[in-house]
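Open the structure in your viewer and keep a selection tool at hand. The stops below say what to select next and what is there.

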Amino acid sequence: VQLQASGGGLVQAGGSLRLSCTASGRTSSTYSMAWFRQAPGKEREFVAAISRSSTTTYYANSVKGRFTVSRDNAKNMVYLQMNTLKPEDTAVYYCAAGPSIVSVTRNGDYWGQGTLVTVSS
């Protein structure tokens, strides 16, 4: 499966953005999906994950209550709605696919190109 993240940009603190991840090739419904991010000078970190049927979601504590992950299997799309953004959310965001929601929270088998989110104070 090939993944492509989009929707990043520059936003003021307190604002919102919605990231999208387009899957092509093998249908994304075969995989659990996750979002990760990597800030400048920092290691990549887990942000959110969603199971194949959307019944289970996981979030990093730092984004819980502000970010929402969702998917539309008919469109092979995964989304990350980001609200109440903070400067510390600034990072390149990546979508990833894996065989289970547990495994994809640690690492993905497939990765997309990232999309840059910059939150100004």
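**Stop 1: paired strands**

Select strand 3 and strand 8: six bridges pair them in the antiparallel sense. Strands here are DSSP runs of E with at least two residues, helices are runs of H or I with at least four residues, and both are numbered from the N terminus. Two strands count as paired if DSSP finds at least two bridges between them.

Before going on, note that this is a predicted model, in which local features need pLDDT of at least 70 and side-chain atom pairs count only at pLDDT 80 or more, while totals for chains, interfaces and linings use all residues. Residues are numbered from 1 along each chain as its sequence is written, and side-chain values use heavy atoms, with hydrogens and water left out.

Now pick threonine 22, whose bridge partner in strand 8 is methionine 77. Next, add strand 1 (residues 2-6) to the selection; strand 1 runs antiparallel to strand 3, and five bridges join the two. At glutamine 2, look across to serine 24 in strand 3, which stands opposite. While side chains are on display, keep in mind that in a regular strand they alternate between the two faces of the sheet.

**Stop 2: the disulfide**

Show cysteine 21 and cysteine 95 as sticks. Their sulfur atoms are 2.2 Å apart and form a disulfide, a term used here for a pair of cysteine sulfur atoms within 2.5 Å. By this rule the count comes to one disulfide. A disulfide is a covalent bond between the sulfur atoms of two cysteines.

Where in the chain do cysteine 21 and cysteine 95 lie? Cysteine 21 belongs to strand 3 (residues 17-24) and cysteine 95 to strand 9, so the pair links distant parts of the chain, 74 residues apart. The torsion about the S-S bond of cysteine 21 and cysteine 95 is about 65°, so the disulfide is right-handed.

Cysteine 21 is buried, at 1% relative accessible area, and cysteine 95 is buried as well, at 0%. Buried means under 20% relative accessible area, exposed means over 50%, and partly exposed is in between (1.4 Å probe, protein chains only).

**Stop 3: the salt bridges**

How many salt bridges does the structure hold? There are three, each being a side-chain nitrogen of Lys or Arg within 4 Å of a carboxyl oxygen of Asp or Glu.

Select arginine 37 and glutamate 45. They form a salt bridge whose closest N and O atoms are 2.6 Å apart. Arginine 37 counts as buried at 5% relative accessibility, whereas glutamate 45 is partly exposed at 36%.

Keep arginine 37 and add aspartate 89, whose side chain meets that of arginine 37 in a salt bridge (2.9 Å, N to O). Aspartate 89 lies in the loop between strand 8 (77-82) and strand 9 (91-98) and arginine 37 in strand 4 (residues 32-38), so the pair ties together parts that are 52 residues apart in sequence. Aspartate 89 is buried, with a relative accessible area of 1%.

Then add arginine 66, which forms a salt bridge with aspartate 89; the closest N and O atoms are 2.7 Å apart. Arginine 66 is in the loop between strand 6 (57-59) and strand 7 (67-72), 23 residues from aspartate 89. Both of these residues are buried. Through shared partners, the salt bridges join Arg37, Glu45, Arg66 and Asp89 into one network.

**Stop 4: a serine in a loop**

Go to serine 51, in the loop between strand 5 (45-50) and strand 6. Is serine 51 buried or exposed? Serine 51 is buried, with a relative accessible area of 8%. Not counting residues up to four places away in sequence, serine 51 touches Ser32, Thr56, Arg71 and Ile101; contact means heavy atoms within 4.5 Å.

**Stop 5: the whole chain**

Zoom out and colour by secondary structure. The protein chain has one helix and eleven strands, in the order β-β-β-β-β-β-β-β-β-α-β-β along the sequence. Its C-alpha trace spans about 40 × 25 × 25 Å along the principal axes. Of the 121 residues, 45% are buried. Among contacts with a separation of 6 or more, residues 24 or more positions apart account for 57%.
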